[in-house]
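Me: Hey, can you walk me through this structure? I'm new to this, so plain words please.
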Amino acid sequence: MRPVEFSGQTHHFGPPRGFNESADKVQCGGLPIRASRDADGGALLQSMWKPTPAELAALAAGACVRVSVWGTAHPPIAIEVEQVEVLP
């Protein structure tokens, strides 16, 4: 899946400090973010991801969505579907 620019985004995060695509052998582009508050007033950061046609076909055929979190603790997350305007 690829992150997309979307209406309502408030920030654009870059790669982490010290990240080196050549050394890490992984691409790390920017990430458009919408910063807001949840119903209890807690900080909330959201990004939008668009599956490729191949990924959509795999999902329709029963594949799962994998979530990877770097580090040793898994933060609270939610994975949902939201209709937003994807920007060019």
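**Pocket and sheet**

Reply: Sure, let's start with the lining of the largest pocket: by class it has 29 nonpolar, nine polar and four charged residues. Keep in mind that this is a predicted model.

Me: OK, what volume does the largest pocket have?

Reply: Its volume comes to about 2300 Å³.

Me: And which residues lie nearest its centre?

Reply: Those are Pro3, Leu31, Ser47, Met48 and Trp49, out of 42 residues that line the largest pocket. As for elements, β2, β3, β4 and β5 (49–50) each give two or more residues to that lining.

Me: Which element gives the most to the lining?

Reply: That's β4, with three residues.

Me: Switching topic: what order do the strands have in the sheet?

Reply: The order is β2-β3-β4, so to speak a row of three strands forming an open sheet with antiparallel pairing. At the edges you find β2 and β4, and each of these pairs on one side only. From one strand to the next, the twist averages 40°.

Me: How many bridges join β2 to β3?

Reply: Three bridges, linking β2 (residues 11–13) with β3 (residues 31–37), and the two run antiparallel. If you want to find one on screen, look at His12, whose bridge partner in β3 is Pro32.

Me: And how many join β3 to β4?

Reply: Four bridges there, with β4 covering residues 43–46, and again the strands run antiparallel. One spot to click on is Ser36, which has Leu44 as its bridge partner in β4.

Me: What do β3 and β4 form, and how many residues sit between them?

Reply: They form a hairpin, with five residues between the two strands. In the turn you'll see Gly41, which has a positive phi of about 90°.

Me: One last thing, where do side chains point in a regular strand?

Reply: In general, they alternate between the two faces of the sheet.

Me: Cool, so where should I look to tie the pocket and the sheet together?

Reply: Try β4: this strand is an edge of the sheet, and β4 also gives the most to the lining of the largest pocket.

Conventions
Residues numbered from 1 in each chain as written. Predicted model: local features only at pLDDT ≥ 70, side-chain atom pairs only at ≥ 80, totals over all residues. Heavy atoms only, no water. Pairing = 2+ DSSP bridges. 1 Å grid on protein atoms, 1.4 Å probe; cavity = no way out; pocket = protein on both sides within 12 Å on 5 of 7 lines; lining within 4 Å. Points joined across faces, edges and corners; volume = space filled by probe spheres on them. Nonpolar A, V, L, I, M, F, W, Y, C, P; charged D, E, K, R; others polar. Axes fitted to C-alpha atoms, helices over the stretch in contact; angles between N-to-C directions.
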